[in-house]
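Colleague: Could you walk me through a few spots in this model? I would like to hear the reasoning behind each answer.

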Amino acid sequence: MKLIKLPLEFQKARIILEKIRNAGFEAYFVGGSVRDTLLGLPLHDVDIATSAYPAEVKQIFKKTVDTGIEHGTVTVLDHGDGYEVTTFRTESTYQDYRRPDSVEFVRSLEDDLKRRDLTINALALSLDGEVIDLFGGLEDLKKGLIKAVGNPNERYHEDALRMMRTVRFASQLDFEIEATTLKAVAENAYLLEKIAVERINVEWTKLLLGKNPKKGITGFIETQLFAYCPMFKTMDQVFKKIPSLEQLHFNNEVTAWTLVCYLSLDNHKQVSKLLKAWKCSNELIANVQNCFSALALLKIGQIDAWNLYTIGLPSFEMANYVADMLGFPRDMTTIQDSYKALPIKNKKELAINGGNLIKDLQFTPGPLLGKTLNTIEKKVVSGELRNELSLLEIAARKIQND
Ligand code: CTP
């Protein structure tokens, strides 16, 4: 039996489990929060599973909201926090490969855990810190294995999105996919066609932002999952190129999508078309298009401060990061100097100030100094003059002599 100390995030929810237990029912922490605790990762949300039926949960707590009662979920409100409490359940057939046609509430934890997707996601944690591991999840966590619970074909027929989750977790945790599970993903990949784009996008984004996206993408290609994502049908280029990249790690959604687009598309129009097909937000599409332009300029060696500024790049670091990843030959210092020379939005950002004019150029405090700074500022803002001290000093001297 494995015992662990409950992390802080669980301490807050203790009271919920205690109340359910005092009412004579079983209650456990389940799902991703147990997996992440055992891996020492930060927790997002805490899910609770119980043998109490939804009506019984509502009797135990004063404040509840029906957030998914047909699937057994009631949200319990406590001191400004909300906790999702879901009744142990089994799921019937899945005709649309997405949602079970019906769920059946049960009293047995084992029945609830055995309908879950992966062994590492089928662990439960009691109030006393006891880990309940009925399907070898602890061993798989130790070995770094992504493995389906029971018969993988059944798990994927129940919910085809689980195949995306399988490759996503391989990337997110940098785990290997167990052989039988991988084979089942390849055999059932065609089922992905029935899944809504929005749901696939959530998993794809988590895959890109994982610890080892190359691993997830390789799984995605090897199992042919990509062939059944309509949004990817025209993108085989990206799948040929990504596995050959040496290092791959994305710090955010924009850089991740920029690289995917950059490796497979030729122009802005195609970027917009692809991201719209993926149902990405307008903000994301605009940011990716900006980065896409920056990369095109970097590649042909034409990037300078003005280009960076006019295309409204979200951040200079971002362009550097993606450019490094693609291995573009470029002179870092030139680009960094250009960045410093970006046009300014207000006087404070000007590379020259009154102090420089007085000390270096022997200006005397007075109206000429103010006028000179204003003129320089206008020229820099309009792009006529680069925001570099040496250039601005030349301009100031000229104004002084005029
Ligand atoms: N689950 C499942 N099949 C799915 C989705 C979820 O069996 N298609 C189960 C798993 O036990 C999972 C739990 O429901 O751990 C909670 O699912 P969810 O919150 O979607 O994902 P997490 O595993 O918690 O992972 P993350 O929060 O990192 O997305």
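Modeller: Gladly! Keep in mind that this is a predicted model. A good place to begin is a pair of helices, α18 (residues 354-361) and α20 (residues 389-401), with axes that come within 11 Å of each other and cross at roughly 70°.

Colleague: Is α18 roughly parallel or roughly perpendicular to α20?
Modeller: The two axes cross at roughly 70°. Angles of 65 to 115 degrees count as roughly perpendicular. Therefore the description of α18 relative to α20 is roughly perpendicular.

Colleague: How many residues of the contact of α18 with α20 are charged?
Modeller: On the α18 side, the contact involves Asn356, Leu357, Asp360 and Leu361. Their partners in α20 are Leu389, Glu393, Ala396, Arg397 and Gln400. Sorted by type, these residues give 4 nonpolar, 2 polar and, for the charged group, 3.

Colleague: Is Ser272 buried or exposed?
Modeller: Ser272 sits in helix α13 (residues 268-277). Leaving out residues up to four places away in sequence, Ser272 touches Ile285 and Gln289. Its relative accessible area is 16%, and the cut-off is under 20%, so Ser272 is buried.

Colleague: What is the C-alpha to C-alpha distance between Asn151 and Thr181?
Modeller: Asn151 lies in the loop between β11 (145-146) and α6 (152-158). With a relative accessible area of 35%, Asn151 is partly exposed. Asn151 and Thr181 are 30 residues apart in sequence, while in space their C-alpha to C-alpha distance is 8.6 Å.

Key: Residues are numbered from 1 along each chain as its sequence is written. This is a predicted model: local features need pLDDT of at least 70, side-chain atom pairs count only at pLDDT 80 or more; totals for chains, interfaces and linings use all residues. Side-chain values use heavy atoms; hydrogens and water are left out. Axes are lines fitted to C-alpha atoms, for helices over the stretch in contact, and angles run from 0 to 180 degrees between N-to-C directions. Helices (H or I, at least four residues) and strands (E, at least two) are DSSP runs, numbered from the N terminus. Angles under 35 degrees count as roughly parallel, over 145 as roughly antiparallel, 65 to 115 as roughly perpendicular and the rest as oblique. Contact means heavy atoms within 4.5 Å. Ala, Val, Leu, Ile, Met, Phe, Trp, Tyr, Cys and Pro count as nonpolar, Asp, Glu, Lys and Arg as charged, and the others, Gly among them, as polar. Buried means under 20% relative accessible area, exposed over 50%, partly exposed in between (1.4 Å probe, protein chains only).
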